[in-house]
Every structure is written in C-alpha cells, then in structure tokens.
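Good morning. I will take a few minutes to walk through one structure, from the whole chain down to single residues. Please keep the picture in view while I talk.

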Amino acid sequence: MLFVFLCSKCGTAITPELAELAAIPDVSDDDRDRDRDRKTRRAPSTVPRGRYAIDPEPWG
C-alpha cells in the first residue's frame with residue numbers, strides 16, 4: 001500500500017507516493033559515515049528514497 005502525505009491546512013500533496021518500512025533502520029556508529037562538515041557531524045539518512053518509517057518511541 002502506498003501513501004502520500006498531505007498539507008493539513010490546504011490538502012496539497014507534499015510527498016510523492018511512499019511505502020512504509022516495517023522498522024526504522026539502524027544508524028551507523030562509524031564516524032567515517034558522518035557528514036564531513038565538522039560542525040554538524042550528522043549521520044546519513046537511513047530511510048531510502050520513496051519510503052517512510054514511524055518511530056514507535058519518538059523523542060523530543
């Protein structure tokens with residue numbers, strides 16, 4: 001089953017069709033996989049293009 005996320009105000013599609021992942025992929029612990037920008041050091045995306053995942057235990 002494919003899903004499209006819509007704007008809650010106007011109903012316009014804000015994503016292409018997406019397929020849900022069964023689980024959230026693990027983030028790499030290897031520093032070499034981090035963003036080369038020393039300020040952010042962000043990990044790369046773990047969710048492939050065209051997919052989405054729902055975190056059963058969100059934070060923040």
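Accessible area, as I use it here, comes from the Shrake-Rupley method with a 1.4 Å probe. By that method, the protein chain exposes about 5700 Å². Carbon and sulfur atoms supply 52% of that area. Please note that this is a predicted model.

How much of the chain is buried? Of its 60 residues, 7% count as buried. For that count, a residue must have under 20% relative accessible area.

Next, the secondary structure. The chain has zero helices and three strands, and along the sequence the pattern reads β-β-β. The three strands make an open sheet with mixed pairing, in the order β1-β2-β3. Which strands sit at the edges? They are β1, residues 2–3, and β3, residues 51–52, and each of them pairs on one side only.

Strand β2 covers residues 18–20. Its pairing with β3 is parallel and runs over two bridges. Within that pairing, Ala19 has Arg51 of β3 as its bridge partner.

As for contacts, take those between residues at least 6 apart in sequence: 38% of them join residues at least 24 apart.

Now to the aromatic rings. A pair of such rings is described by two things, the distance of the centres and the angle of the planes. How many aromatic pairs does the structure hold? There are two.

One pair is Phe3 with Tyr52, where the ring centres are 5.9 Å apart. The planes stand at 85°, and over 60 degrees counts as edge-to-face, so that is what this pair is called. Phe3 belongs to strand β1 and Tyr52 to strand β3, so the pair ties together parts 49 residues apart in sequence. Are these two residues buried or exposed? Phe3 is partly exposed, at 33% relative accessibility. Tyr52 is buried, because its relative accessible area is 12%.

Tyr52 also pairs with Phe5. Here the distance is 5.2 Å centre to centre, with 90° between the planes, and this pair is edge-to-face too. It links distant parts of the chain as well: Phe5 is in the loop between β1 and β2, Tyr52 is in strand β3, and 47 residues separate them. Phe5 has a relative accessible area of 37%, so it is partly exposed. Through these ring pairs, Phe3, Phe5 and Tyr52 are linked into a cluster.

Phe5 brings me to Thr12, which is also placed in the loop between β1 and β2. Which residues does Thr12 touch? Leaving out residues up to four places away in sequence, Thr12 touches Phe5, Leu6 and Cys7. Thr12 is partly exposed, at 45% relative accessibility.

That leaves the cysteines. A search of the whole structure finds zero disulfides. Cys7 is in no disulfide, and the nearest cysteine sulfur to its own, that of Cys10, is 3.7 Å away. Why does this pair not count? A disulfide needs the two sulfur atoms within 2.5 Å. Cys10 is likewise in no disulfide, with the sulfur of Cys7 as its nearest. Their exposure is as follows: Cys7 counts as partly exposed at 25% relative accessibility, whereas Cys10 counts as exposed at 57%.

To recap, we have three strands in an open sheet, a cluster of Phe3, Phe5 and Tyr52, and zero disulfides. Thank you.

Note on methods
Residues are numbered from 1 along each chain as its sequence is written. This is a predicted model: local features need pLDDT of at least 70, side-chain atom pairs count only at pLDDT 80 or more; totals for chains, interfaces and linings use all residues. Side-chain values use heavy atoms; hydrogens and water are left out. Two strands pair if DSSP finds at least two bridges between them. Helices (H or I, at least four residues) and strands (E, at least two) are DSSP runs, numbered from the N terminus. Buried means under 20% relative accessible area, exposed over 50%, partly exposed in between (1.4 Å probe, protein chains only). Contact means heavy atoms within 4.5 Å. Rings of Phe, Tyr and Trp (its six-membered ring) pair if their centres lie within 6.5 Å; planes under 30 degrees apart count as stacked, over 60 as edge-to-face and the rest as tilted.
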